[in-house]
Amino acid sequence: MTVIRIVAAVVDDEYGRLLLVRKRGTTAFMQPGGKLEPGESPVDALAREIREELGVGITDVRELGHHTAVAANEPGHTVDAELFFVRLDGVPQIAAEIEEMAWIDPDAPGDIELAPLTAEAVLEWARSRPALES
């Protein structure tokens, strides 16, 4: 199975909801982020992807570790994701390849289709996380 190395941002709001995005031509919602470019650090890749996809910058970057999962949009692939909890420096807006954005309650995400990484790693983290300082 081919491995795709990505970075992904876990973003919440003042109500504890998580920000998810759906890329054009896909059905699953996932964290904003994407593939690293050659020579790019994970944090630099994350900042670039968030700026491209949501039109904002990131602050308070905290590593949440590496996670692997079946790729949501590439059959026969897995993702090796470096997850980061971040704060945004503005109001996110849909841009680039993003078609839809949603804020979900991690304890009751509803009936939207979630990418495996989101369903397996991110929701588990969000449900068990310690209170984070603002």
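User: Why is E40 called buried or exposed in this model?
Analyst: In this predicted model, E40 has a relative accessible area of 18%, and since the buried class takes in values under 20%, E40 is therefore assigned to the buried class.

User: What makes the contact of R48 and E40 a salt bridge?
Analyst: The side chains of R48 and E40 meet at 2.7 Å, taken from N to O, and the criterion asks for a side-chain nitrogen of Lys or Arg within 4 Å of a carboxyl oxygen of Asp or Glu, so the pair qualifies as a salt bridge. R48 is buried too, because its relative accessible area of 17% falls under 20%. Through salt bridges that share partners, E37, E40, R48, E49 and E52 are joined into one network.

User: How many salt bridges does a search of the whole structure find?
Analyst: The search returns 11 salt bridges, and one of them brings the side chains of D12 and R87 together at 2.6 Å, N to O. D12 sits in the loop between strand 1 (2–10) and strand 2 (18–23), while R87 belongs to strand 5 (residues 77–88), so this pair ties together parts that are 75 residues apart in sequence. Both D12 and R87 are buried.

User: What makes R22 and E99 a salt bridge, and which parts does the pair tie together?
Analyst: Their side chains meet at 2.9 Å, N to O, which lies within the 4 Å cut-off, so the contact counts as a salt bridge. R22 lies in strand 2 and E99 in strand 6 (residues 98–104), so the pair ties together parts that are 77 residues apart in sequence.

User: Why is E99 called partly exposed, and how is R22 classed?
Analyst: E99 has a relative accessibility of 39%, and because partly exposed residues fall between the buried limit of 20% and the exposed limit of 50%, E99 belongs to that class. R22, with a relative accessible area of 12%, is under 20% and is therefore buried.

User: How do you know that strand 1 pairs with strand 5 and with strand 3?
Analyst: Pairing needs at least two bridges between the strands; strand 1 and strand 5 have 9 bridges in the parallel sense, and strand 1 and strand 3 (residues 33–35) have 3 in the antiparallel sense, so both pairs meet the criterion. As one example from the parallel pair, R5 has D80 in strand 5 as its bridge partner, whereas V7 stands opposite G34 in strand 3.

Definitions and conventions
Residues numbered from 1 in each chain as written. Predicted model: local features only at pLDDT ≥ 70, side-chain atom pairs only at ≥ 80, totals over all residues. Heavy atoms only, no water. Helix = DSSP H or I, 4+ residues; strand = E, 2+ residues; numbered from the N terminus. Buried < 20%, exposed > 50% of the residue type's maximum accessible area, 1.4 Å probe, protein only.
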